[in-house]
Structure formats: C-alpha cells, structure tokens
Amino acid sequence: LTLISNELNALTSTFSAGKEVVIISESDTLTATLLERLKKQGVRKIITRSHYIDHIDDKATKELEIQI
C-alpha cells in the first residue's frame, strides 16, 4: 500500500506501478492518456472518493477494461 497526497497525474502515476488499485478524489482528472499509462503499470481498478465520475474518461475505462 502506497499513499500519496498529491493529485494523480503523469508525474505521480509512477507510484501506481505494480499496484492493482488506485484511490482518487474528485480533483484528479483521469484522461484516456493517463488511464492507458495506469493500465500499462498494472492498474485494474479505480476507487474514487467522489460522488460522480465526470472527472474520469468512462469510455476509456471501458475500452481498457479498468473497473471504477
């Protein structure tokens, strides 16, 4: 388990390498590009602490088979 307080982005995504799950907040924007990077690093699931998923590219998660 690795916890960081920084937002998830291209620079901080390296911390997710080898992790199956990432936990994000509503301030984290997950674009298709970032999701592809996460998938390549082994991420299979995303847990969000927000009420909505409008900050996550839902189409990309389906194409990459990443569960929200």
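**Pocket lining, overall fold and two residues around helix H2**

Nine nonpolar, seven polar and four charged residues make up the lining of the largest pocket. The structure described here is a predicted model, and this pocket is a convenient place to begin reading it. Its volume comes to about 490 Å³. A total of 20 residues line the largest pocket, and those closest to its centre are Thr 2, Leu 3, Ile 4, Val 22 and Ile 23. In general, rolling a probe the size of a water molecule over the atoms shows where empty space is left.

From the pocket, the view can widen to the chain as a whole. The protein chain contains two helices and two strands, and the order of these elements from the N terminus on is β-α-β-α. With a radius of gyration of 11 Å, close to the 11 Å that the globule rule gives for 68 residues, the protein chain is as compact as a globular protein of that length. Along the principal axes, the C-alpha atoms of the chain fill a box of roughly 25 × 25 × 20 Å.

Contacts and surface add to this picture. When contacts between residues at least 6 apart in sequence are considered, 50% of them join residues at least 24 apart. Of the 68 residues in the protein chain, 32% count as buried. The area that the protein chain exposes is about 4,700 Å², and 51% of it is supplied by carbon and sulfur atoms.

Two residues towards the end of the chain deserve a friendly closer look. Thr 61 belongs to helix H2, which covers residues 58-64. Because its relative accessible area is 2%, under the 20% cut-off, Thr 61 is classed as buried. Leaving aside residues up to four places away in sequence, Thr 61 touches Leu 35, Ile 56, Ile 66 and Ile 68.

Glu 65, in turn, is found in the segment after H2. The backbone of Glu 65 has a positive phi of about 60°, although Glu 65 is not a glycine. Its relative accessibility is 64%, which is over the 50% cut-off, so Glu 65 counts as exposed. Read side by side, the two residues fall into opposite classes: Thr 61 is buried, whereas Glu 65 is exposed.

Technical notes: Residues numbered from 1 in each chain as written. Predicted model: local features only at pLDDT ≥ 70, side-chain atom pairs only at ≥ 80, totals over all residues. Heavy atoms only, no water. 1 Å grid on protein atoms, 1.4 Å probe; cavity = no way out; pocket = protein on both sides within 12 Å on 5 of 7 lines; lining within 4 Å. Points joined across faces, edges and corners; volume = space filled by probe spheres on them. Nonpolar A, V, L, I, M, F, W, Y, C, P; charged D, E, K, R; others polar. Helix = DSSP H or I, 4+ residues; strand = E, 2+ residues; numbered from the N terminus. Rg over C-alpha atoms; globule rule 2.2 N^0.38 Å. Buried < 20%, exposed > 50% of the residue type's maximum accessible area, 1.4 Å probe, protein only. Contact = heavy atoms within 4.5 Å. Areas by Shrake-Rupley, 256 points an atom, 1.4 Å probe, with all protein chains shown as cover.
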